[in-house]
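Okay, thanks for coming, everyone. Let me put the sequence and the model up, and then we'll walk through the ligands.

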Amino acid sequence: MDMRKLFSLEGKTALVTGGAYGIGFAIAQALAGAGAKIAFNCRSQSNLDKALADYKAQGIDARGYIADVTDEAQVKELISKIEADLGGVDILVNNAGVIKRIPMTEMSAEDFRQVVDIDLVGPFICAKAVIPGMIQKGQGKIINICSMMSELGRETVSAYAAAKGGLKMLTRNICSEYGGANIQCNGIGPGYIATPQTAPLRERQADGSRHPFDQFIVSKTPAGRWGDPEDLMGPAVFLASGASDFVNGHILYVDGGILAYIGKQP
Ligand code: NAP
Ligand code: GCO
């Protein structure tokens with residue numbers, strides 16, 4: 001067996017939603033490094049322009065599009081444009097996501113719905129849009145970016161946990177419904193990763209000391225550190241490639257060991 005070929009994404013087209021920066025940008029770089037053509041979307045022209053320059057600086061000829069994952073018409077148009085520009089989507093990474101940290105009893109239903117709309121309904125809309133093309137091609141890979149909150153709760157993240165728990169089950173359902181069409185749908189559950197989304201949890205205190213949440217996470221992580229977006233590169237290539245053709249409906253937690261650990265004894 002040629003192992004390089006097994007992990008190669010040559011000839012494949014990948015769409016990474018929200019791939020302008022953060023985890024999506026790192027995953028897109030990894031897929032490009034394994035040979036895939038890259039498409040990404042984001043919501044503003046300024047982010048798009050900056051991201052295109054960032055991809056170029058990495059030597060990646062990515063195609064960027066403006067589209068909101070919660071808007072079914074925009075997503076349909078996005079998929080058609082990618083098909084015309086790069087060929088039909090072989091690999092979908094449902095990465096776009098937001099978090100609102102608000103105590104549940106203070107959170108409006110509107111805020112709750114907005115998080116669920118982006119983090120759960122968005123992946124449904126994007127998967128729904130690419131699955132028919134994947135069925136036609138006789139193969140496809142869908143990777144849903146889940147979370148520690150697909151398994152665990154904590155104060156202030158009720159909507160996010162509900163959405164990411166739902167995304168875990170959407171992953172299993174896509175596997176159940178389309179596994180027979182040779183579509184593999186798996187999740188990556190990142191631990192605490194240093195990106196703009198988690199920047200408020202790592203902000204230095206006025207006296208220069210580390211944020212208490214930052215210290216808490218490091219103590220909860222056997223690896224003893226935050227993850228970097230680059231930590232997700234290998235798992236993403238694995239789940240996008242032929243190397244994972246019999247892996248389906250699985251959530252691969254990439255968390256430095258958080259889910260395995262009871263926590264430091266006092
Ligand atoms: P980030 O730095 O905030 O990036 C999120 C990306 O999603 C941005 O590019 C953003 O683009 C895009 N996005 C948000 N809403 C969108 C929408 N409606 N339509 C299209 N794009 C949209 O977050 P990240 O930390 O890289 O997280 C990426 C994914 O991993 C998210 O699903 C997140 O929940 C998940 N995750 C993160 C961590 C972590 O510790 N960082 C851990 C586990 C899971 P705009 O510029 O348009 O807002
Ligand atoms: C939070 C964090 C998390 C992470 C991540 C963990 O406020 O607890 O933002 O939810 O972003 O999803 O896996």
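So, to start: which atom of methionine 148 lies 2.8 Å from an oxygen atom of ligand 2, backbone or side chain? It's a backbone N or O atom. Quick housekeeping before I go on. This is a predicted model, where local features need pLDDT of at least 70 and side-chain atom pairs count only at pLDDT 80 or more, while totals for chains, interfaces and linings use all residues. Residues are numbered from 1 along each chain as its sequence is written, chains are lettered from A and ligands numbered from 1 in the order in which they are written, and side-chain values use heavy atoms, with hydrogens and water left out.

Back to ligand 2. By polar contact I mean a pair of N or O atoms within 3.5 Å. Besides methionine 148, tyrosine 160 has a side-chain N or O atom 2.6 Å from an oxygen atom of the ligand, and a polar backbone atom of proline 190 is 2.8 Å from an oxygen atom of ligand 2. On its own this ligand exposes 330 Å², and the protein buries 97% of that (Shrake-Rupley areas, 1.4 Å probe). There are 14 residues around ligand 2, with Arg101, Arg154, Tyr160, Tyr192 and Gln197 the closest; "around" means a heavy atom within 4 Å. By class, that shell is eight nonpolar, four polar and two charged. For the classes, Ala, Val, Leu, Ile, Met, Phe, Trp, Tyr, Cys and Pro are nonpolar, Asp, Glu, Lys and Arg are charged, and the others, Gly among them, are polar.

Now ligand 1. Its shell has 27 residues, and the closest are Arg43, Asn47, Asn95, Tyr160 and Thr195. The side chain of arginine 43 puts an N or O atom 2.6 Å from an oxygen atom of ligand 1. On the nitrogen side, aspartate 68 has a polar side-chain atom 2.9 Å from a nitrogen of the ligand, and a polar backbone atom of valine 69 is 3.1 Å from a nitrogen atom. Alone, ligand 1 has 880 Å² of accessible area, and the protein covers 94% of it. Its shell splits into 14 nonpolar, ten polar and three charged residues.

And where do they sit? Ligand 2 is in the largest pocket, and the largest pocket is also the space taken by ligand 1. "Sits in" means more than half of the atoms lie within 2 Å of the grid points. A pocket here is an open set of points on a 1 Å grid where a 1.4 Å probe fits, with protein on both sides within 12 Å along at least five of seven lines; lining residues have an atom within 4 Å of a point.

That pocket holds about 820 Å³, the space filled by probe spheres set on the points. It has 41 lining residues, and Asn95, Ala96, Gly97, Val98 and Gln197 are the closest to its centre.

Notes:
A polar contact is a pair of N or O atoms within 3.5 Å; within protein, one must be able to donate a hydrogen and the other to accept it, and residues adjacent in sequence count only if both atoms are side-chain atoms.
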